[in-house]
There are 10 protein chains.
Amino acid sequence: MVTSIILINAQKSRINTIAEQLQSFPEISEVYSVSGKLDLIAIVRVATNDDLALLVTKKMVDIEGIEKTETMLAFKAYSRHDLESMFSLGM
Amino acid sequence: MVTSIILINAQKSRINTIAEQLQSFPEISEVYSVSGKLDLIAIVRVATNDDLALLVTKKMVDIEGIEKTETMLAFKAYSRHDLESMFSLGM
Amino acid sequence: MVTSIILINAQKSRINTIAEQLQSFPEISEVYSVSGKLDLIAIVRVATNDDLALLVTKKMVDIEGIEKTETMLAFKAYSRHDLESMFSLGM
Amino acid sequence: MVTSIILINAQKSRINTIAEQLQSFPEISEVYSVSGKLDLIAIVRVATNDDLALLVTKKMVDIEGIEKTETMLAFKAYSRHDLESMFSLGM
Amino acid sequence: MVTSIILINAQKSRINTIAEQLQSFPEISEVYSVSGKLDLIAIVRVATNDDLALLVTKKMVDIEGIEKTETMLAFKAYSRHDLESMFSLGM
Amino acid sequence: MVTSIILINAQKSRINTIAEQLQSFPEISEVYSVSGKLDLIAIVRVATNDDLALLVTKKMVDIEGIEKTETMLAFKAYSRHDLESMFSLGM
Amino acid sequence: MVTSIILINAQKSRINTIAEQLQSFPEISEVYSVSGKLDLIAIVRVATNDDLALLVTKKMVDIEGIEKTETMLAFKAYSRHDLESMFSLGM
Amino acid sequence: MVTSIILINAQKSRINTIAEQLQSFPEISEVYSVSGKLDLIAIVRVATNDDLALLVTKKMVDIEGIEKTETMLAFKAYSRHDLESMFSLGM
Amino acid sequence: MVTSIILINAQKSRINTIAEQLQSFPEISEVYSVSGKLDLIAIVRVATNDDLALLVTKKMVDIEGIEKTETMLAFKAYSRHDLESMFSLGM
Amino acid sequence: MVTSIILINAQKSRINTIAEQLQSFPEISEVYSVSGKLDLIAIVRVATNDDLALLVTKKMVDIEGIEKTETMLAFKAYSRHDLESMFSLGM
């Protein structure tokens, strides 16, 4: 499983709408609206880098109101939870 | 459930050690070592703000090698997964 | 009581109007127009994180002239004053 | 009443100690440990600019662990609360 | 005497016009067009903080071409000159 | 008269000492300790650019505690005051 | 062979189109769409500095959607591959 | 083939030594010492994300003199060259 | 001779045009289009500060396409060349 | 002729010494100590990119007190002066 975390700045008035659109993508497991200098953080869990590329450079660019994104590849996940099965079994 | 995301910069040589220490805390459900300008991202899932405060201002400060942290409160989670039960049932 | 401090940059010509609008919200106890690189600072005192989320991601986004906000959750308040009773009793 | 808000970055391990020291000064009505890119925010309420100057350039400089401060003068306070009497009556 | 120094970025083509407007305000004793990352620096000398607040949040906001301002309160003036009498006697 | 404005960041504990040293230089007419992201602002009034160069690259470098300086040449002064005579007549 | 690396920020919706245009220039051997704070990175391999200048200040400026570029000259290449022959032989 | 580009700031006196060490790693196909705000740029070409993670979070951290790194995953390569065969055939 | 160096950011498509306009001013001895985060660097050699002020705050502001300038006064020139005679004799 | 401009930040107390050392290098035609956020600017005029590389990555790194450098390649020089002959003829 390829995990990626995307930091997002967006138009304040469209934060909720954007979050709903993002979480409707199968590649995205969770979206959080957050305090601080960012507006949204999306957690991406996909099978391959190409899926991640498709999401970031194609699917997300059509979402109105996203002003800035910074995509980070997760090198390694550390958790007592079995994230792979949790999220791949559609839990 | 109070969710928070912590962006972390750390000494390169201690990234793995720090990640192991962080994920051993019950408050932290996942830690990712990441590409880009950050080194680690921790996902915190706790019952109350006080639990979050205790983690950030007490427990984390004793971890050697953390250079900078930025804690963000999640206002709202958007997900098709039932995150509350997934993570609170110890899945 | 959940306390939060919001740093705000706004259009110079609307600073006073925005401050009046913000302080009319029950969630906001004080607003200050300030010197320095910011324009306004709002002190939020609410019962739950959801109240804070509603204020930041819904109510505040309709205020014209706000250019940038940075919301910070107060982990802990240190004061010889009994802030909880002062502000919750409508003092 | 001259109100000022001071944004503070401090050594993580001394945040609580510093907050206690700051709130012991009569000039400071509240100190908050906060999430985000800052560590502490202090609300100063004094009679004159000289009191503020004394606090910032003399009294605070002796506090160990403060790394960076940014002091902002409040031009005007907007609140349904009578802040002047609340804080000057030692409430 | 309350002294304040305002750092100003402005539209290049309006620098001279803005400087003339600023120095026409009684609150402003000197304006300098400067080299470096700023465009103008204004020295404010007034009787009270309220005069300063009125200048910054009301009078200056109507000046066309000002892009960014950063107002700093002078805690203390150090000079062999008797600035208070020099500037208050209209020298 | 060549006027220059120097923005200074300094060790908090040495702000007053540094201000006294700076204002003792004949080239410097006023020094202000200030709120905001800076610590001190010095106003330099000299006869030639060489005097300014001598001050900045020789005399000031020996002052202990100055962490960062940014020197700006004033292209033009705008004031109803006759600054040239005020400061050159030792007023 | 003169090698240069160009860091590019571009309109999200035109990333793929821009990459195709860039890689069609003979001066550019590879273009990568990337994660992180940048959008594209182009590797330039040309015979002379003038070829590099022509590319950056003439040919690239006509490409719609490029928001910011930062061109860096490679002083020296370190590789076990014979880059010069690889890329100049049209491999 | 997973391609990644790493932006590196390093101690000036160790730039050449670091570049030699980096290019000796099989994961790294080229290293360039560059003009501008960076010092080195490494091009990584590996089979899997795990290889990239091992390089960045383990192998590179032991290299003395690296001050800051920013690793970017290449989503897609655009080139008239057959990069995959060029670099995987040890050309 | 008063020397000044001006760092310039400009619209990419107008870099050459702007450079030609700048070098046509008698105050400017050389203009370079450059790699890196800037676009142009102009070397100014004039008789007095007033000439420099006139160039920066009047003549240059009419040039279309200049987005940002940062003017730096040269305190002292260090060179084995006799710059004063080279440039003042129209060499 | 390959021209390059190097922006330099240095320890204040060593600015003059560093400038003398830099201008003693045959590759460097002029060095200026400057006002503003930088300390020194060096103009490099050499025959080849390799000469520039040798200067920046070898010769300059031994100079004590240089804290940060940013080297920019001049793509094109615009001047009514014949810079090539002026500086290559040792004028």
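This is a short dialogue about where chain D meets chain C in a predicted model.

Visitor: What makes the pair C:Lys37 and D:Glu70 a salt bridge?
Guide: Their side chains come to 3.2 Å, N to O. The cut-off is 4 Å between a Lys or Arg nitrogen and an Asp or Glu carboxyl oxygen, so the pair qualifies.

Visitor: How many salt bridges are there between chain D and chain C?
Guide: The count is four.

Visitor: How many residue pairs are in polar contact across this interface?
Guide: The rule finds 26 such pairs, with both residues at pLDDT 80 or more. On chain D, the elements that each supply at least two residues to the side touching chain C include β1 (2-10), α1 (15-23) and β4 (66-78). The largest share comes from β4(D), with eight residues.

Visitor: What classes of residue make up that side of chain D?
Guide: It has 22 nonpolar, nine polar and seven charged residues.

Visitor: How do you know that β4 of chain C pairs with β2(D)?
Guide: Pairing needs at least two bridges. Four bridges join β4 (residues 66-78) of chain C to β2(D), so the two strands pair. They run antiparallel. In one of the bridges, C:Lys76 has D:Ser33 as its partner.

Visitor: What area is buried between chain D and chain C?
Guide: About 3,600 Å², and carbon and sulfur atoms give 58% of it. The accessible area lost when parts come together is often used to give the size of an interface. Here 38 residues from chain D and 38 residues from chain C take part in the contact.

Key
Residues numbered from 1 in each chain as written. Chains lettered and ligands numbered in written order. Predicted model: local features only at pLDDT ≥ 70, side-chain atom pairs only at ≥ 80, totals over all residues. Heavy atoms only, no water. Contact = heavy atoms within 4.5 Å. Buried area = accessible area lost by both parts, 1.4 Å probe. Polar contact = N/O pair within 3.5 Å; in protein donor to acceptor, adjacent residues only side chain to side chain. Nonpolar A, V, L, I, M, F, W, Y, C, P; charged D, E, K, R; others polar.
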